[in-house]
Amino acid sequence: MKKNKPAASRPDNVTITRLMIDVTSKCNLNCRMCYIGDSGRQGQDMPLYAYRKIAEQVFPYLNFITISCGYEALMAENILDMINIAGEHDIEKKEIMTNGMLLDEKIIRAIIEFRLTNLLVSFDGASKETYEQIRRGSDFNRIMDNIRLLNRIKRECNVSYPTLVFSVTLMRSNIDELPGIMEIAKDNEAGRLLVKAVHVHNRYLENESLDRIPEKTKEVLLGAQRKAEMLDVELMLTPETLCYLDAAGAAGEERPGCKQNPFESMVIWPSGEVYPCVFWRKGPVGDFRTQDFDEIWNSREYREFRDNLRNGKFDSDCNRCIYSENRKR
């Protein structure tokens with residue numbers, strides 16, 4: 001296994017510890033809350049040589065990698081090789097996110113063989129009707145079968161990893177089903193629920209925003225916390241979701257401005273383009289097709305972005321983002 005760089009050997013200005021990487025711009029669903037929209041669903045895969053370059057230059061700094069930000073990673077032609085390469089590196093947390101439709105025995109066994117720690121499955125409804133209405137093109141029953149297959153193979157291999165995580169995008173149309181989702185998680189050996197508030201980026205989602213029902217959202221989340229204790233399931237509320245419990249700015253927030261913490265994280269698209277976060281829309285701050293990591297991290301654009309954020313200078317995109325501390329409800 002390839003060791004990552006100890007803190008003492010890092011350049012002082014390299015603070016990255018987490019990477020979110022999309023290895024394909026393809027998706028087999030058309031989810032209502034997807035920020036990518038209808039564009040690029042028949043897109044291209046990241047070439048394996050480009051992924052290897054990123055692994056060589058970036059992975060040694062990491063303690064956390066997420067494969068997939070917005071697309072369906074399991075559609076990438078070389079996904080098994082990519083899982084293998086991630087497994088070769090001594091990264092504390094290695095996870096892959098999927099909608100679960102393409103999860104099969106070969107992929108599950110590769111995830112186990114190369115010791116990925118977490119498998120995140122998007123799960124946005126306790127009923128078939130709600131689930132498929134939000135995740136258009138999905139098949140609730142098929143996903144449940146694939147989850148049961150995962151658990152069967154884990155038992156066969158006598159392993160506890162990967163931890164199955166239900167990733168829930170909470171919105172008005174599914175908030176009443178959160179308790180039911182928690183029951184399904186418990187019954188299907190999910191060790192954790194990750195609950196995040198829907199990111200409003202189009203007119204349709206304005207009506208789905210939890211901002212329209214803040215009191216109900218608080219009530220449901222408080223109930224979910226109690227239910228998680230009863231079920232013995234770990235409930236993780238993302239920072240923007242915690243805001244509905246009046247817990248914004250919780251202790252431990254070390255960096256001003258953005259709860260995505262772009263001081264320590266980076267997003268790479270299948271093209272090799274680099275962005276400070278998944279919601280950044282002002283163009284890339286670097287490109288692995290033509291640049292190396294050091295050049296990208298130390299580029300004028302990237303440094304200015306981090307300096308502005310550090311000094312509390314937000315642009316219009318950041319001010320609208322649910323992760324921004326400057327966001328006005």
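This passage looks at model confidence, one helix pair and one lysine in a predicted structure.

Confidence is a helpful place to begin. Across the protein chain the mean pLDDT is 89, and 88% of the residues score at least 70. Residues 247–256 deserve a more careful reading, since pLDDT stays under 50 there. For this stretch the model has 16 contacts beyond four places in sequence.

Turning to the helices, α6 spans residues 178–187 and α8 spans residues 214–231. The two pack with their axes 10 Å apart, at an angle of about 20 degrees. Because angles under 35 degrees count as roughly parallel, α6 is roughly parallel to α8. The crossing of α6 past α8 is right-handed. On the α6 side, the contact is made by Leu178, Pro179, Met182, Glu183 and Lys186; α8 contributes Val220, Leu221, Ala224, Lys227, Ala228 and Leu231. Sorted by class, this contact has 8 nonpolar and 3 charged residues, with no polar ones.

Lys94 offers a second spot to explore. This lysine sits in strand β6, which covers residues 93–98. Its relative accessibility is 4%, so Lys94 counts as buried, the cut-off being under 20%. Beyond its neighbours within four places in sequence, Lys94 is in contact with Met1, Ile65, Ala86, Gly87 and His89, and also with the run Phe114, Arg115, Leu116, Thr117 and Asn118. As for Leu119, its C-alpha lies 8.9 Å from that of Lys94, with the two positions 25 residues apart in sequence numbering.

Technical notes. Residues are numbered from 1 along each chain as its sequence is written. This is a predicted model: local features need pLDDT of at least 70, side-chain atom pairs count only at pLDDT 80 or more; totals for chains, interfaces and linings use all residues. Side-chain values use heavy atoms; hydrogens and water are left out. Axes are lines fitted to C-alpha atoms, for helices over the stretch in contact, and angles run from 0 to 180 degrees between N-to-C directions. Helices (H or I, at least four residues) and strands (E, at least two) are DSSP runs, numbered from the N terminus. Angles under 35 degrees count as roughly parallel, over 145 as roughly antiparallel, 65 to 115 as roughly perpendicular and the rest as oblique. A crossing is left-handed if the near helix is turned anticlockwise from the far one by less than a right angle, and right-handed if clockwise. Contact means heavy atoms within 4.5 Å. Ala, Val, Leu, Ile, Met, Phe, Trp, Tyr, Cys and Pro count as nonpolar, Asp, Glu, Lys and Arg as charged, and the others, Gly among them, as polar. pLDDT is the predictor's confidence in each residue, from 0 to 100. Buried means under 20% relative accessible area, exposed over 50%, partly exposed in between (1.4 Å probe, protein chains only).
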